[in-house]
Amino acid sequence: MDAYVFIIPLWAVLIGANATEVGLLVGARSLLPGLLAIHGGALIDRFGPRRIMVVFVVVIIVMAPLYTLLPWFIPLLVMQTLIGLALTMQWVGAQTTIAHLSRGETTYLGRFSFASRVGTFIAPIVFGALWDLTNPTVCFIGVSLWAALMLTLTLGIGDGPEKPATAQLTAAQPTDHGNLRDLLPKWSDYRDTIALCAIPAIAISVAACFLRNSTSSMQGSIYVVYLTQIGITGTVIGILFAAIEGASGIGSLFAGRVARHFTPFAMLVGTTAAAIALIAVTPLLGGVIALLLVAQVARGLLQGINQPVVFSVQAKAVPREKQGAAVALRVTVNRISSITVPPIMGIIADTFSITASFLVLGAILIAGTGVLWLFARRIPEAAAT
């Protein structure tokens, strides 16, 4: 996923896209996930993560090399909508698997977050170097090869009937073999998943996810455009992307310890507000690479602590058979953020300035965390689930 997030804005700038078009391309990746992630979560609960993940990773392998063959805005927009669903379903499947395995323990979910950050740390460095030293075609073929490795790992996930003696050692398993009708979206799946927001812990955590994911949407779109405009190379941008991922991995390992001293809701709101502030001040750092690096590392540590707490809160709030639905709800909210934030930021940048887009959007999002805290502090933690 992070390979795509990194090279798509660079590719868009290379073919002459403006800030608004870059925002639309980045946002398009979240369109289908925003509409179908809940359906996908229901399918994962119904059939197990392995089967769903295999289908979508094959889509990634096949589609990646097509980007350089169709270097025009409209075809790119279409491909972004399709590839976004495939990338998202891979992540939903992985999160559902670990939610079952960990049973909501923050320490184990922190280790899962750390493991996922290994890939997201390496990807920007590798693809930043490929971008500078080779050409875009090599970069996109590299994405396809990376996805082929993911397919190999996905095939190793157990997908047979769960046995009671090994219940806590196996991943999520399918509940039935289903038929064609089961593959189609159902209103009842959407109704039941959205109804999870009646649980305070779910409502607060998905709202926090929306706000936190906005920082990733900013980084994956106009942040890249801004750094490119001030003359920072693809390799350095890759290092900045890797810095936040590496720091996130480290932060996730400490999530369990931090959780002993703060309530989950205080951690969610506090780390989210601070992360938003750290990316909003980007234009005020004067393009100094050292300052940009410090901001990325600090934001990474905060988001690394934040993510396992979100996973834990939601895993403990719903029963096992609803874990896929809870993950899908969270992903849907994140995708809504990814759809709306980049285009809005791009429009502000083209209308006023890139600096204004960072500051205005940052102020709005921080105000949102304030509203969330006013709501969260009224709910006793014992009643949240």
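Two residues are in contact when they have heavy atoms within 4.5 Å of each other. Keep that in mind for the exercises below, which deal with a predicted model.

**Exercise 1. Find out which residues G324 touches, leaving aside its neighbours within four places in sequence.**

Solution.
- Start by placing the residue: G324 sits in helix α15.
- Now apply the contact rule. With those sequence neighbours set aside, G324 is in contact with G41, D45 and T96.
- Next, try a C-alpha distance. G324 and P49 are 275 residues apart along the chain, yet their C-alpha atoms are separated by 8.8 Å.
- Finally, is G324 buried or exposed? Buried means under 20% relative accessible area. G324 has 0% relative accessibility, so it counts as buried.

**Exercise 2. Describe helix α15: its span and its cover.**

Solution.
- Look up the ends: α15 covers residues 323-351, which makes 29 residues.
- Go from the first C-alpha to the last and you get 42 Å, close to the 42 Å expected at 1.5 Å a residue.
- Then check the cover. Of the 29 residues in α15, 22 are buried, so the helix is mostly covered.

**Exercise 3. Work out where N213 lies and what it touches.**

Solution.
- N213 belongs to helix α10, which takes in residues 200-229.
- Its relative accessible area is 10%, so N213 is buried.
- Not counting residues up to four places away in sequence, N213 touches N334, R335, S337 and S338.
- A handy reminder about helices: an α-helix has 3.6 residues a turn, so residues three or four places apart point the same way.

**Exercise 4. Step back and sketch the whole chain: its helices and strands, its size and its contacts.**

Solution.
- Count the elements: the chain has 16 helices and zero strands.
- Size it up. Along the principal axes, the C-alpha atoms fill a box of roughly 60 × 45 × 35 Å.
- Compare with a compact globule. For 385 residues, such a globule would have a radius of gyration near 21 Å, and the chain's 20 Å agrees with that.
- Check burial: 54% of the 385 residues are buried.
- Look at the contacts between residues at least 6 apart in sequence. Of these, 85% join residues at least 24 apart.

**Exercise 5. Describe the exposed area and the charged side chains of the chain.**

Solution.
- About 16,000 Å² is exposed, and carbon and sulfur atoms supply 71% of it.
- As for charge, there are 22 positive and 15 negative side chains. The centres of these two sets lie 6 Å apart.

Methods. Residues numbered from 1 in each chain as written. Predicted model: local features only at pLDDT ≥ 70, side-chain atom pairs only at ≥ 80, totals over all residues. Heavy atoms only, no water. Helix = DSSP H or I, 4+ residues; strand = E, 2+ residues; numbered from the N terminus. Expected span 1.5 Å × (residues − 1). Buried < 20%, exposed > 50% of the residue type's maximum accessible area, 1.4 Å probe, protein only. Rg over C-alpha atoms; globule rule 2.2 N^0.38 Å. Areas by Shrake-Rupley, 256 points an atom, 1.4 Å probe, with all protein chains shown as cover. Lys, Arg positive; Asp, Glu negative; His and termini not counted. Charge placed at Lys NZ, Arg CZ, Asp CG, Glu CD.
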